[in-house]
Amino acid sequence: MVATLSTCMKDVSSMLLQLLEEEFNSLTNKKDQMNIETKIRNIRFIGELCKFKIAPTGMVFSCLKTCLDDFMHHNIDVACNLLETCGRFLYRSPETTIRMSNMLDILMRLKNVKNLDPRQSTLVENAYYLCKPPERSARVSKVRPPLHQYIRKLLFSDLDKSSIEHVLRQLRKLPWNECEPYLLKCFLKVHKGKYGQIHLVASLTAGLSRYHDDFAVAVVDEVLEEIRLGLEQNNYAMQQQRIAYMRFLGELYNYELVDSSVIFDTLYLILSFGHGTTEQDTLDPPEDCFRIRMVVTLLETCGHYFDRGSSKRKLDRFLIHFQKYILSKGVLPLDVEFDLQDLFVELRPNMIRYSSFEEVNAALVELEELERRVSTEKSHNEKHSDSEKPPRRKKKSSSTLSANGRTHTNGVEGNGELHQNVAGETDSDSGSGTIDRIDRDDDETDRENQDEGCESEDDYDDGGGAAFDEDDEVHVRQKVAEVDPQEMADFDRELRALMQESLDSRKLELRSRPTINMIIPMNLFEGPTKEHHSRVMEGESGDDTTDEGNGGTKEIRVKVLVKRGNKQQTKEMYIPRDCSLVQSTKQKEAAELEEKQDIKRLVLEYNDREEEELNGGGSQPSNWTQSGGRVANTRPTWDGQSRTSGGSRHRHIYHSGAGIYYGRRR
């Protein structure tokens, strides 16, 4: 601002410089060790004015010479701040370069002669090398082929969410045999790009793996090798690179390029590598918490996918071991502790955080005991199933086929529709061959269900985090599938007999209640026989009944169906007899009753006429009734008994003292 105003206000700069020079002289002459901030502010203001060519160079060199003449205490700080402000400018200016070079030489000689403390010695060296940096050779940039430069541009400059498809297409167009090694090298330099774009590099790896399988395998191998190399060296300068590799490995799992077993092997490797050896203090010092950061980074990336199946049990088991490792580090830094709290809240909010080694060891002992018990039961089930499989196959093959090669169901030959595929076979070994093929298919299906892709889709209730293997579910299914064929045949026979008995009883069941126009709950028909009879006689509709016992009153008693909660109830209410609802209901019932009477009359006349014809006394045509009505599509019944012909569409059931009810053939 002073330089801008000095172009039109000449007196501002001269008056300001005079005041600054007088202040500098007064502060220097006091010889006290107070107000160091005021001295530094004054000298830096003078140095900034020198760079804008407001303060003359002679004034600056005069202030510097004053400090060098009494090179002690605050004068050292003032001289170093002046050189840091405008020393480089004066050294590079042609008219002052020689004088500035001489001043710098004097400064270094005084530094060597004086017995300065480390702080002051560091200030002097920084000011000197800032003005006059050491001579070194020019940095030679690496010369890369144009194709390699294009690859680096795609991966490190152009790659983002919107351009990932374009980058993938461009990488596929490259000459693969020539560019694959350099592409692999660039993909492994994820630490040189943006941390938030590591998932894009993993996405590119997954996209290229569809066309080049070996490339994805090579990327995974190199990442795992770099992680192990970082554990072997434990170099502080590689920590950012190691964190990037952990994030990259987690993203590779998210894109299904590695299996969950690789993730858990890496997690256990981080906890156990170098422990129990002489180099433990070097590879993993007690105060070093970097491995905890590595585990947290990997689980934050892909741990939310371990929420079901065997992966969930593996993660629960690992977190117990991880808590034991955390306790071995003692008191953690606050940032690491906060990261751990966020991790457990995200992955296992209900998991117990142990506070002592005794609690963790007890949990591990309980976990090992449970795993041992499960493995013992599994091996016992395998032996039991292996010993029972051969006789079961023979039993089934011998029980499903009879001596003449036909199947039997309910003790009657020819009624086994479920076994028609073996009815014509005469070789009794065909049944066991079929069983063998089914067992082999089941075994292949069980092995496929043990893969990680199928495990992630199985929901289960783990209770207290118990650890089980994938084979447990397989053995449970085998145990359920291996049912005794004889018991199965007995069950099918009894079920079929029960169904046939029920069907026969329903065929002969009489319709004791009239047809109604709505579904009435069963509780309306419950109660004593007298009450049930009175309810049936009240009316023919299911929703309203006429109260004839009130001496010709003008009200009708109606039952209304209501529902309270999950219970249905009926309530009685009285409505006027001249209501439209009552009138329409009565008309409908009268029409239905008249129609039933007509049908009954026609059927009775038809039966009388048939009997007359059979006795030889019929004089009217066979297709006309006494009332002149015509019954279409009827066939004669040759006896008075209930009979259903094979080709008829209706069945006629005769009852004494009642009409004939029609029903559709089932």
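**Exercise 1.** Classify Leu-5 as buried, partly exposed or exposed.

*Solution.* Leu-5 has a relative accessibility of 31%. Buried means under 20% and exposed means over 50%, with partly exposed in between. Leu-5 therefore counts as partly exposed. The model is a predicted one. Next, place the residue: Leu-5 belongs to helix H1, which covers residues 2–5. Finally, look at its surroundings: together with Met-1, Met-9 and Val-12, Leu-5 makes up a nonpolar surface patch, and the accessible area of the four together is about 390 Å².

**Exercise 2.** Classify Arg-317 and His-74 in the same way, and state what each one meets.

*Solution.* Start with Arg-317, in helix H17 (residues 309–327). Its relative accessibility is 19%, so Arg-317 counts as buried. The side chain of Arg-317 makes a polar contact of 2.5 Å with the side chain of Glu-371.

Now take His-74, in helix H5 (residues 74–92). Its relative accessible area is 14%, so His-74 is buried. Leaving aside residues up to four places away in sequence, His-74 touches Asp-32, Gln-33, Met-34, Ile-36 and Lys-39.

**Exercise 3.** Find which residues have the most contacts inside the largest nonpolar core, and follow Phe-322 outward.

*Solution.* The largest nonpolar core contains 67 residues. Leu-171, Ile-292, Phe-318 and Phe-322 have the most contacts inside it. Beyond four places in sequence, Phe-322 touches Leu-271, Ile-292, Val-295, Leu-340 and Leu-343. Another core lies apart from the largest one; it has 37 residues, including Val-2, Leu-20, Phe-61 and Met-108. In soluble globular proteins, nonpolar side chains tend to be buried together.

Methods
Residues are numbered from 1 along each chain as its sequence is written. This is a predicted model: local features need pLDDT of at least 70, side-chain atom pairs count only at pLDDT 80 or more; totals for chains, interfaces and linings use all residues. Side-chain values use heavy atoms; hydrogens and water are left out. Patches are made of residues with over 30% relative accessible area and no salt bridge: like charges are joined within 9 Å, nonpolar side chains (Val, Leu, Ile, Met, Phe, Trp, Tyr) within 5 Å. Accessible areas come from the Shrake-Rupley method with a 1.4 Å probe; for residues, only the protein chains shown count as cover. A salt bridge is a side-chain nitrogen of Lys or Arg within 4 Å of a carboxyl oxygen of Asp or Glu. Helices (H or I, at least four residues) and strands (E, at least two) are DSSP runs, numbered from the N terminus. Buried means under 20% relative accessible area, exposed over 50%, partly exposed in between (1.4 Å probe, protein chains only). A nonpolar core is a set of buried Ala, Val, Leu, Ile, Met, Phe, Trp, Tyr and Cys residues joined through side-chain atoms within 4.5 Å. Contact means heavy atoms within 4.5 Å. A polar contact is a pair of N or O atoms within 3.5 Å; within protein, one must be able to donate a hydrogen and the other to accept it, and residues adjacent in sequence count only if both atoms are side-chain atoms.
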